[in-house]
Amino acid sequence: LVPFIEKEKEKNNLKEISNGTVLLATVKGDVHDIGKNIVGVVLACNGYDIIDLGVMVPPDIILKKAIETKADIIGLSGLITPSLEEMIHIASEMKRQKLKIPLLIGGATTSKKHTAVKIAPNYKEPIIRVRDASKVAQVVGNLLSEDKKIEFSNENRKKQEKLRESFEKSNNSETISDDIAYKNRLKLDWESE
(Lines give C-alpha, C1' and ligand atoms only; values in the text may rest on other atoms or scores of the structure.)
Protein backbone atom coordinates (compact mmCIF):
# COMPACT_ATOMS: atom_id res chain seq x y z
CA LEU A 1 0.00 0.00 0.00
CA VAL A 2 2.83 2.43 0.72
CA PRO A 3 3.70 3.06 -2.97
CA PHE A 4 0.03 3.80 -3.72
CA ILE A 5 -0.28 6.11 -0.72
CA GLU A 6 2.89 7.97 -1.75
CA LYS A 7 1.68 8.25 -5.35
CA GLU A 8 -1.66 9.64 -4.17
CA LYS A 9 0.11 12.20 -1.97
CA GLU A 10 2.24 13.33 -4.91
CA LYS A 11 -0.78 13.51 -7.19
CA ASN A 12 -2.69 15.66 -4.71
CA ASN A 13 0.41 17.63 -3.72
CA LEU A 14 0.06 16.58 -0.08
CA LYS A 15 2.96 16.88 2.31
CA GLU A 16 3.33 14.44 5.11
CA ILE A 17 3.21 16.07 8.51
CA SER A 18 4.99 14.21 11.27
CA ASN A 19 3.60 14.13 14.79
CA GLY A 20 7.08 13.35 16.13
CA THR A 21 9.93 10.86 15.95
CA VAL A 22 9.96 7.67 17.99
CA LEU A 23 13.08 5.54 18.18
CA LEU A 24 12.39 1.86 18.94
CA ALA A 25 14.85 -0.88 19.88
CA THR A 26 14.90 -4.33 21.40
CA VAL A 27 17.63 -4.13 24.03
CA LYS A 28 20.97 -5.91 23.93
CA GLY A 29 20.71 -9.64 24.57
CA ASP A 30 17.13 -9.95 23.33
CA VAL A 31 15.85 -10.89 19.88
CA HIS A 32 12.10 -10.64 20.43
CA ASP A 33 10.51 -7.88 18.41
CA ILE A 34 6.94 -8.80 17.51
CA GLY A 35 5.47 -6.37 20.05
CA LYS A 36 7.94 -3.65 19.07
CA ASN A 37 7.04 -4.11 15.42
CA ILE A 38 3.33 -3.78 16.21
CA VAL A 39 4.04 -0.61 18.20
CA GLY A 40 5.94 0.77 15.21
CA VAL A 41 3.03 0.08 12.86
CA VAL A 42 0.48 1.62 15.26
CA LEU A 43 2.57 4.76 15.69
CA ALA A 44 3.32 5.05 11.96
CA CYS A 45 -0.41 4.82 11.24
CA ASN A 46 -0.89 7.70 13.68
CA GLY A 47 1.55 9.99 11.88
CA TYR A 48 4.77 9.39 13.81
CA ASP A 49 8.14 8.85 12.16
CA ILE A 50 9.57 5.54 13.34
CA ILE A 51 13.25 4.67 13.63
CA ASP A 52 13.46 0.95 14.36
CA LEU A 53 16.98 -0.11 15.30
CA GLY A 54 16.05 -3.80 15.39
CA VAL A 55 17.08 -6.36 17.98
CA MET A 56 20.05 -6.86 20.30
CA VAL A 57 20.84 -3.14 20.24
CA PRO A 58 23.55 -1.97 22.67
CA PRO A 59 22.77 1.05 24.87
CA ASP A 60 25.39 3.29 23.26
CA ILE A 61 23.88 2.74 19.79
CA ILE A 62 20.36 3.50 21.07
CA LEU A 63 21.39 6.74 22.74
CA LYS A 64 23.72 7.87 19.95
CA LYS A 65 20.97 7.38 17.36
CA ALA A 66 18.38 9.11 19.58
CA ILE A 67 20.61 12.17 19.87
CA GLU A 68 21.58 12.11 16.20
CA THR A 69 17.98 11.90 14.98
CA LYS A 70 16.58 14.22 17.67
CA ALA A 71 14.11 11.51 18.68
CA ASP A 72 11.17 12.78 20.69
CA ILE A 73 10.69 9.45 22.47
CA ILE A 74 12.70 6.26 22.97
CA GLY A 75 10.85 2.95 23.19
CA LEU A 76 12.65 -0.07 24.65
CA SER A 77 11.43 -3.61 24.18
CA GLY A 78 12.44 -6.88 25.75
CA LEU A 79 10.89 -10.23 26.43
CA ILE A 80 13.43 -12.03 28.59
CA THR A 81 14.30 -11.20 32.20
CA PRO A 82 17.88 -9.98 31.52
CA SER A 83 16.33 -7.31 29.29
CA LEU A 84 15.01 -5.65 32.44
CA GLU A 85 18.58 -5.03 33.63
CA GLU A 86 19.47 -3.53 30.24
CA MET A 87 16.53 -1.13 30.56
CA ILE A 88 17.74 -0.03 34.00
CA HIS A 89 21.22 0.55 32.56
CA ILE A 90 19.86 2.59 29.64
CA ALA A 91 17.77 4.79 31.96
CA SER A 92 20.84 5.40 34.14
CA GLU A 93 22.91 6.26 31.09
CA MET A 94 20.23 8.66 29.86
CA LYS A 95 20.41 10.44 33.20
CA ARG A 96 24.21 10.51 33.09
CA GLN A 97 24.11 12.05 29.61
CA LYS A 98 21.48 14.57 30.83
CA LEU A 99 18.99 13.59 28.14
CA LYS A 100 15.42 14.91 28.31
CA ILE A 101 13.70 12.25 26.20
CA PRO A 102 10.71 10.32 27.60
CA LEU A 103 11.26 6.57 27.77
CA LEU A 104 8.70 3.90 26.94
CA ILE A 105 9.12 0.40 28.37
CA GLY A 106 7.46 -2.64 26.82
CA GLY A 107 7.71 -6.38 26.65
CA ALA A 108 6.33 -9.48 28.30
CA THR A 109 8.60 -9.47 31.35
CA THR A 110 8.04 -5.80 32.10
CA SER A 111 5.49 -4.62 34.62
CA LYS A 112 4.27 -1.35 36.08
CA LYS A 113 5.78 -2.31 39.42
CA HIS A 114 9.21 -3.19 38.01
CA THR A 115 9.22 0.01 35.94
CA ALA A 116 8.32 2.07 39.02
CA VAL A 117 10.67 0.33 41.46
CA LYS A 118 13.73 -0.45 39.35
CA ILE A 119 13.79 1.72 36.21
CA ALA A 120 12.08 5.06 37.03
CA PRO A 121 14.34 6.01 39.96
CA ASN A 122 17.29 6.06 37.54
CA TYR A 123 15.99 8.84 35.26
CA LYS A 124 14.08 12.04 35.94
CA GLU A 125 12.14 12.25 32.68
CA PRO A 126 8.88 10.33 32.22
CA ILE A 127 9.26 6.56 32.04
CA ILE A 128 6.05 4.87 30.99
CA ARG A 129 5.42 1.16 30.83
CA VAL A 130 3.13 0.52 27.85
CA ARG A 131 1.35 -2.77 28.38
CA ASP A 132 -0.51 -2.88 25.10
CA ALA A 133 0.43 -1.69 21.62
CA SER A 134 -3.10 -0.37 21.14
CA LYS A 135 -2.45 2.19 23.91
CA VAL A 136 0.88 3.50 22.61
CA ALA A 137 -0.48 6.23 20.31
CA GLN A 138 -2.38 7.79 23.20
CA VAL A 139 0.65 7.59 25.51
CA VAL A 140 2.96 9.13 22.91
CA GLY A 141 0.36 11.78 22.09
CA ASN A 142 0.13 12.75 25.76
CA LEU A 143 3.92 12.90 26.14
CA LEU A 144 4.34 15.12 23.08
CA SER A 145 1.39 17.41 23.78
CA GLU A 146 2.32 20.73 25.34
CA ASP A 147 -1.11 20.81 27.00
CA LYS A 148 -1.14 17.25 28.36
CA LYS A 149 2.50 16.32 29.02
CA ILE A 150 2.87 17.85 32.49
CA GLU A 151 -0.40 16.49 33.88
CA PHE A 152 0.13 13.07 32.26
CA SER A 153 3.73 12.85 33.52
CA ASN A 154 2.79 13.98 37.05
CA GLU A 155 -0.02 11.43 37.23
CA ASN A 156 2.35 8.68 36.05
CA ARG A 157 4.98 9.78 38.60
CA LYS A 158 2.42 9.67 41.44
CA LYS A 159 1.31 6.16 40.45
CA GLN A 160 4.94 5.04 40.37
CA GLU A 161 5.59 6.56 43.80
CA LYS A 162 2.62 4.62 45.22
CA LEU A 163 3.92 1.40 43.66
CA ARG A 164 7.38 2.02 45.17
CA GLU A 165 5.87 2.70 48.61
CA SER A 166 3.76 -0.45 48.36
CA PHE A 167 6.80 -2.47 47.32
CA GLU A 168 8.89 -1.12 50.19
CA LYS A 169 6.14 -1.87 52.72
CA SER A 170 5.74 -5.43 51.46
CA ASN A 171 9.49 -5.98 51.68
CA ASN A 172 9.69 -4.57 55.19
CA SER A 173 6.92 -6.70 56.64
CA GLU A 174 7.96 -9.02 59.42
CA THR A 175 7.77 -12.73 58.85
CA ILE A 176 7.21 -15.38 61.46
CA SER A 177 9.27 -18.50 61.99
CA ASP A 178 8.32 -21.83 60.43
CA ASP A 179 7.58 -23.25 63.89
CA ILE A 180 5.09 -20.49 64.72
CA ALA A 181 3.49 -20.72 61.26
CA TYR A 182 3.09 -24.49 61.69
CA LYS A 183 1.61 -24.03 65.15
CA ASN A 184 -0.88 -21.44 63.82
CA ARG A 185 -1.82 -23.39 60.68
CA LEU A 186 -5.44 -23.88 59.67
CA LYS A 187 -6.92 -26.78 61.62
CA LEU A 188 -9.99 -28.43 60.18
CA ASP A 189 -12.17 -30.85 62.10
CA TRP A 190 -13.01 -33.24 59.28
CA GLU A 191 -14.96 -35.64 61.48
CA SER A 192 -17.57 -33.03 62.41
CA GLU A 193 -17.90 -32.10 58.75
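This is a short talk on a predicted model of one protein chain.

Hello everyone, and thanks for coming. Please keep the structure open while I talk, and remember throughout that we are looking at a prediction.

Let's begin with the whole chain. Its secondary structure comes to eight helices and five strands. Reading from the N terminus, the order is α-β-α-β-α-β-α-β-α-β-α-α-α. So how spread out is the chain? The radius of gyration is 22 Å, well over the 16 Å that the globule rule gives for 193 residues, so the chain is more spread out than a compact globule. You can also see this in the C-alpha trace, which spans about 85 × 45 × 35 Å along its principal axes.

What share of the residues is buried? Of the 193 residues, 36% count as buried. As for contacts, take those with a sequence separation of 6 or more: 74% of them join residues 24 or more positions apart. The exposed surface comes to about 12,800 Å², and carbon and sulfur atoms supply 53% of that. For those of you who think about charge, there are 31 positive and 29 negative side chains, and the centres of the two sets lie 4 Å apart.

Now let's zoom in on helix H4, residues 82-96. With 15 residues at 1.5 Å a residue, H4 should span 21 Å, and its end C-alpha atoms are 22 Å apart, which agrees. Which residues of H4 are buried? They are Ser83, Leu84, Glu86, Met87, Ile88, Ile90, Ala91, Glu93 and Met94. Here is a useful reminder when you look along any helix: an α-helix has 3.6 residues a turn, so residues three or four places apart point the same way.

What covers those buried residues of H4? The cover includes helix H3 (59-69) and helix H5 (112-119), together with strands E3 (73-77), E4 (103-106) and E5 (127-129).

One residue to click on in H4 is serine 83. Serine 83 counts as buried because its relative accessibility is 1%, and the cut-off for buried is under 20%. Leaving out residues up to four places away in sequence, serine 83 touches Val27, Asp30 and Gly78.

Asp30 turns up again if we step back to isoleucine 80, which is in contact with Gly29, Asp30, His32 and Thr109 once neighbours within four places are set aside. Isoleucine 80 sits in the loop between E3 and H4. Is isoleucine 80 buried or partly exposed? With a relative accessible area of 31%, isoleucine 80 is partly exposed. Its partner Thr109 is 29 residues away along the chain, yet the two C-alpha atoms are separated by 6.1 Å.

From the H3 side, proline 59 is a good place to look. Proline 59 is buried, with a relative accessible area of 9%. Beyond its neighbours up to four places away, proline 59 touches Glu86, His89 and Ile90. Glu86 and Ile90 should sound familiar, as both are among the buried residues of H4. For contrast, valine 41 is 18 residues from proline 59 along the chain, and their C-alpha atoms are separated by 23 Å.

Next, two lysines with a backbone feature in common. Lysine 98 follows H4 and lies in the loop between H4 and E4. Its phi is positive, about 60 degrees, although lysine 98 is not a glycine. Lysine 98 counts as exposed, at 70% relative accessibility. The other is lysine 70, in the loop between H3 and E3. Phi of lysine 70 is also positive, near 55 degrees, and lysine 70 is exposed, with a relative accessible area of 69%.

Let me make a quick stop at helix H2, residues 34-45, where we find glycine 35. At 43% relative accessibility, glycine 35 counts as partly exposed. Glycine 35 and glutamate 85 are 50 residues apart in sequence and 19 Å apart in space, C-alpha to C-alpha.

My last stop is helix H7, residues 149-172. H7 has 24 residues and reaches 34 Å from its first C-alpha to its last, close to the 34 Å expected at 1.5 Å a residue. Which residues of H7 are buried? They are Ser153, Asn156 and Gln160. What covers them includes H5, E5 and helix H6 (136-144). H5 and E5 are also among the elements that cover the buried residues of H4.

That's my tour. Thank you all for listening!

Terms used
Residues are numbered from 1 along each chain as its sequence is written. This is a predicted model: local features need pLDDT of at least 70, side-chain atom pairs count only at pLDDT 80 or more; totals for chains, interfaces and linings use all residues. Side-chain values use heavy atoms; hydrogens and water are left out. Helices (H or I, at least four residues) and strands (E, at least two) are DSSP runs, numbered from the N terminus. The expected span of a helix is 1.5 Å times one less than its number of residues. Buried means under 20% relative accessible area, exposed over 50%, partly exposed in between (1.4 Å probe, protein chains only). Contact means heavy atoms within 4.5 Å. The radius of gyration is taken over C-alpha atoms; the globule rule is 2.2 Å times the number of residues to the power 0.38. Accessible areas come from the Shrake-Rupley method with a 1.4 Å probe; for residues, only the protein chains shown count as cover. Lys and Arg count as positive and Asp and Glu as negative; His and the chain ends are not counted. The place of a charge is taken as NZ of Lys, CZ of Arg, CG of Asp or CD of Glu.
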